[in-house]
Amino acid sequence: MICNHTRVNGTLINYYFHCKRQCYLHGNRLNLEDNSELVQIGRAIHEVKSADHENTELAIENIRLDKLTSEYLTEIKKSDADIEASKWQLYYYLQVLKNKGIIRKGKLEFEEKNKTKKAALIFELGEAEEKELERIQTEIEELLQSDMVPEADEQAGCKKCAYYEYCFI
């Protein structure tokens, strides 16, 4: 199943799960991440990891893959604070690869483990995940096309977000 969600990417899918407002703002070109220390830390982790390994940081279409091997597509995250968002971002990447004839399992690795005891989680893209991913992408497109910016809804993780000052100060 090849999707026609041209504006949707892995970052937007990730943001959609933890904050619709962040997803909307980023998807409509309001990018405040360059000012975020936590985003810079995440980028530094990726740079260090890719310097040490082969098959890292590959760009395909509108996505950047952290690591691709013969068995896994590995996504490296700074922490396990939002596994659900990371999982769907990984499913999206697996779908992009599948549409190109590349079938892999997905692996999430976390640099700073908060809640997860395992160092990595493994996922496989099945028919149910593909159908749900299609629904999610449609919802994101509808969100991005809306004239209404979602209301700010302060949550526990908001203070770490690059958009915090925009939303609450």
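Helices are DSSP runs of H or I with at least four residues, strands are DSSP runs of E with at least two, and both are numbered from the N terminus. On that basis Lys77 is assigned to strand S3, which covers residues 72–79. The views below show a predicted model.

**Figure 1. Overview of the chain, with its six helices and five strands.** Followed along the sequence, the helices and strands come in the order α-α-α-β-β-β-α-β-β-α-α. The chain has 169 residues, and 40% of them count as buried. Among contacts in the chain with a separation of 6 or more, 67% join residues that are 24 or more positions apart. The accessible surface amounts to about 9,900 Å², with 47% of that area belonging to carbon and sulfur atoms.

**Figure 2. Close-up of helix H5, residues 127–145, with its buried and exposed residues.** The 19 residues of H5 reach 27 Å from the first C-alpha to the last, close to the 27 Å expected at 1.5 Å a residue. Buried positions in this helix are Glu130, Leu133, Ile136, Gln137, Ile140, Glu141, Leu143 and Leu144. These residues lie on the same side of H5 because they cover an arc of only 160° around the axis. An α-helix has 3.6 residues a turn, so residues three or four places apart point the same way. On the face turned away from the buried side, H5 carries the exposed residues Glu127, Ala128, Lys131, Glu142 and Gln145. The buried residues pack against three helices, namely H1 (10–18), H2 (20–27) and H4 (83–99).

**Figure 3. Close-up of Pro150, in the loop between H5 and helix H6 (164–168).** Although Pro150 is placed in a loop, its relative accessibility is 16%, and the residue therefore counts as buried, the cut-off being under 20%. Leaving aside residues up to four places away in sequence, Pro150 touches Lys20, Arg21, Tyr24 and Leu143. One of these contacts, Leu143, is also among the buried residues of H5. Another, Arg21, is 129 residues from Pro150 along the chain, while the C-alpha atoms of the two are separated by 4.9 Å.

**Figure 4. Close-up of aromatic rings, drawn from the six aromatic pairs that the structure holds.** Phe17 and Trp88 form a stacked pair, with 6.2 Å from centre to centre and 5° between the planes. This pair links distant parts of the chain, since Phe17 belongs to helix H1 and Trp88 to helix H4, 71 residues apart. The two partners are covered to unlike extents: Phe17 has a relative accessibility of 28% and counts as partly exposed, whereas Trp88, with a relative accessible area of 7%, is buried. Tyr92 and Tyr93 form a pair that is tilted, with 6.0 Å from centre to centre and 55° between the planes. Tyr92 counts as buried at 5% relative accessibility, and Tyr93 is likewise buried, with a relative accessible area of 5%. Ring pairs also join Tyr16, Phe17, Trp88, Tyr91 and Phe123 into a cluster.

**Figure 5. Close-up of two lysine residues placed over tyrosine rings.** Lys20 lies over the face of Tyr16, at 4.1 Å from the ring centre. Tyr16 is also a member of the ring cluster that includes Phe17 and Trp88, and Lys20 is one of the residues touched by Pro150. In the second arrangement, the charged end of Lys107 sits over the ring of Tyr72, 4.4 Å from its centre.

**Figure 6. Close-up of Lys77 in strand S3.** With a relative accessibility of 15%, Lys77 counts as buried. Apart from residues up to four places away in sequence, Lys77 touches Asn14, Ser86, Gln89, Glu109, Phe110 and Glu111.

**Figure 7. Close-up of Val96 in helix H4.** Val96 counts as buried, with a relative accessibility of 7%. When residues up to four places away in sequence are set aside, Val96 touches Ile60, Glu61 and Ile63. Val96 and Ile63 are 33 residues apart along the chain, and their C-alpha atoms are separated by 8.6 Å. Helix H4, which holds Val96, is also one of the helices against which the buried residues of H5 pack.

Notes: Residues numbered from 1 in each chain as written. Predicted model: local features only at pLDDT ≥ 70, side-chain atom pairs only at ≥ 80, totals over all residues. Heavy atoms only, no water. Expected span 1.5 Å × (residues − 1). Buried < 20%, exposed > 50% of the residue type's maximum accessible area, 1.4 Å probe, protein only. Arc of directions from axis to C-beta. Contact = heavy atoms within 4.5 Å. Areas by Shrake-Rupley, 256 points an atom, 1.4 Å probe, with all protein chains shown as cover. Phe/Tyr/Trp six-rings, centres within 6.5 Å; stacked < 30°, edge-to-face > 60°. Lys NZ or Arg CZ within 6 Å of the ring centre and 35° of its normal.
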